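Good morning, and thank you for making time for this. I should like to walk you through one structure, from its overall fold to a few individual residues.

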Amino acid sequence: MFISLEGIDGSGKSTQARLLAQHLRARGHEVVLTREPGGSPGAEEIRRLLVEGRGERWSPEAELLLFNAARRDHLERTIRPALARGAVVVSDRFADSSRVYQGAARGDLRTLVDSLHALVIGVEPDLTLVIDLDPAQALARTSMRDAGDHAGVRPAPAGAAQSPPANGPEDRFESMGLPFQMRLRGGFRALADEFPDRVRLIDGSGDPEGVAARVRAALPAALA
Ligand code: TYD
């Protein structure tokens with residue numbers, strides 16, 4: 001079984017992916033918890049090109065090709081082998097992020113996103129949980145998290161002098177602002193209408209345990 005978690009920046013999906021993996025492991029499943037961009041050594045290298053630096057560093061088209069390169073490697077090296085041995089794969093983001101970020105919110109590239117996906121990826125999760133949260137609340141969460149992060153001593157990101165990021169080393173997309181995050185939220189909600197058999201919207205407000213209970217309630221009987 002292949003499960004993806006999706007949502008805007010700061011929606012809490014990474015926490016939920018971790019809690020879901022813990023829950024499934026406690027029930028005896030082998031779980032591979034992974035993420036995009038990244039999830040394999042090569043894709044983690046491509047990740048740095050995508051999430052660091054200035055917003056305008058890549059055109060939406062060039063960015064989409066990099067996400068697909070990373071996703072193909074992730075699929076070949078991590079996802080397919082795990083599914084083949086019967087593990088449950090929980091991925092923090094997958095192709096729906098490209099549909100929404102590159103396809104709807106950054107440029108009107110949805111046709112290109114779908115064509116590339118069909119040509120080089122061709123796989124959908126069995127279940128996609130969209131952690132739905134108001135972007136203003138999500139932004140407040142990321143600012144709190146960043147304040148905590150920056151309290152420690154962290155090395156300056158490589159290349160920072162030429163290309164200073166807005167808020168932190170991995171904030172390229174967060175730096176695009178609240179109206180961008182609002183378009184993203186609309187894009188994720190529209191996916192639930194487009195793929196009703198696969199995509200479930202989960203209310204992401206409130207404490208993480210409450211959200212985790214809603215995530216568990218959305219699991220198919222075989223896993224829950
Ligand atoms: P992520 O590590 O999930 O960031 P966060 O934990 O802050 O939500 O993802 C990094 C960024 O990459 C995120 O802002 C969304 C973006 N992204 C895309 O634009 N397209 C994609 O296909 C993927 C997988 C991610």
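**Fold, ligand shell and local geometry**

Let me begin with a single position: Pro37 sits in the loop that connects β2, residues 31-35, with α2, residues 41-51. The peptide bond leading into Pro37 from Glu36 is cis, and its omega is near -10°. Please bear in mind throughout that we are looking at a predicted model.

Allow me to step back to the whole chain. The protein contains eight helices and five strands. Followed along the sequence, these elements come in the pattern β-α-β-α-α-β-α-α-β-α-α-β-α. The protein has 224 residues, of which 47% count as buried. Its accessible surface comes to about 10400 Å², and carbon and sulfur atoms account for 55% of that area. As to contacts between residues at least 6 apart in sequence, 77% of them join residues at least 24 apart.

I turn now to the sheet. In what order do the five strands stand? The order is β2-β3-β1-β4-β5, in an open sheet with parallel pairing. The edge positions belong to β2 and to β5, residues 199-203; each has a single partner strand, and therefore one side of each has no neighbour in the sheet. From one strand to the next, the twist averages 20°.

Two of the pairings deserve detail, and both involve β4, residues 127-132. β4 runs parallel to β5, and five bridges join the two strands. Within this pairing, Leu129 has Arg200 of β5 as its bridge partner, and Val130 is matched with Leu201 of β5. β4 also pairs with β1, again in the parallel sense, over four bridges. There, Ile3 stands opposite Leu127 of β4.

How enclosed is β4 by the rest of the structure? Six of its six residues are buried, so the strand is largely enclosed. Its two faces are both covered: Leu127, Leu129 and Ile131 are buried on one side, and Thr128, Val130 and Asp132 are buried on the other.

A helix also packs on this sheet. In addition to the β4-β5 pairing by five bridges, helix α7, residues 178-194, packs on the sheet and touches β1 (2-6), β4 and β5. The direction of α7 makes about 130° with that of β5.

Next, helix α4, residues 95-106. Ten of its twelve residues are buried, so α4 too is largely enclosed by the rest of the structure. The buried residues include Ala95, Ser98, Tyr101, Gln102 and Ala105. Among the elements that cover them are β1, α3, α5 (110-121), β4 and α7.

This brings us to the ligand. Which residues come nearest to it? There are 16 residues around the ligand, and the nearest are Asp9, Arg47, Arg93, Ser98 and Gln102. Helix α4 gives the most to this shell, with four residues. At least two residues each are supplied by α1 (13-26), α2, α3 (60-84) and α4.

Three side chains have polar atoms placed close to ligand oxygen atoms, and I give the distances in turn. For Asp9, a polar side-chain atom lies 2.6 Å from a ligand oxygen atom. For Arg47, an N or O atom of the side chain is 2.7 Å from an oxygen atom of the ligand. For Lys13, the corresponding separation between a side-chain N or O atom and a ligand oxygen atom is 3.0 Å. Taken alone, the ligand exposes 540 Å², and the protein buries 93% of that.

Arg93 merits a further word, as one of the residues that come nearest to the ligand. Its place is in the loop between β3 (88-92) and α4. Although Arg93 is not a glycine, its phi is positive, at about 80°. Is Arg93 buried or exposed? Its relative accessibility is 10%, and the cut-off for buried is under 20%, so Arg93 counts as buried.

My final residue is Gln137, which belongs to helix α6, residues 135-151. Gln137 has a relative accessible area of 37% and is therefore partly exposed. Gln137 and Ser11 are 126 residues apart in sequence, while their C-alpha atoms are 8.3 Å apart in space.

That concludes the presentation, and I should be glad to take questions.

Notes
Residues numbered from 1 in each chain as written. Predicted model: local features only at pLDDT ≥ 70, side-chain atom pairs only at ≥ 80, totals over all residues. Heavy atoms only, no water. Buried < 20%, exposed > 50% of the residue type's maximum accessible area, 1.4 Å probe, protein only. Pairing = 2+ DSSP bridges. Axes fitted to C-alpha atoms, helices over the stretch in contact; angles between N-to-C directions. Contact = heavy atoms within 4.5 Å. Near = heavy atom within 4 Å. Polar contact = N/O pair within 3.5 Å; in protein donor to acceptor, adjacent residues only side chain to side chain. Areas by Shrake-Rupley, 256 points an atom, 1.4 Å probe, with all protein chains shown as cover.
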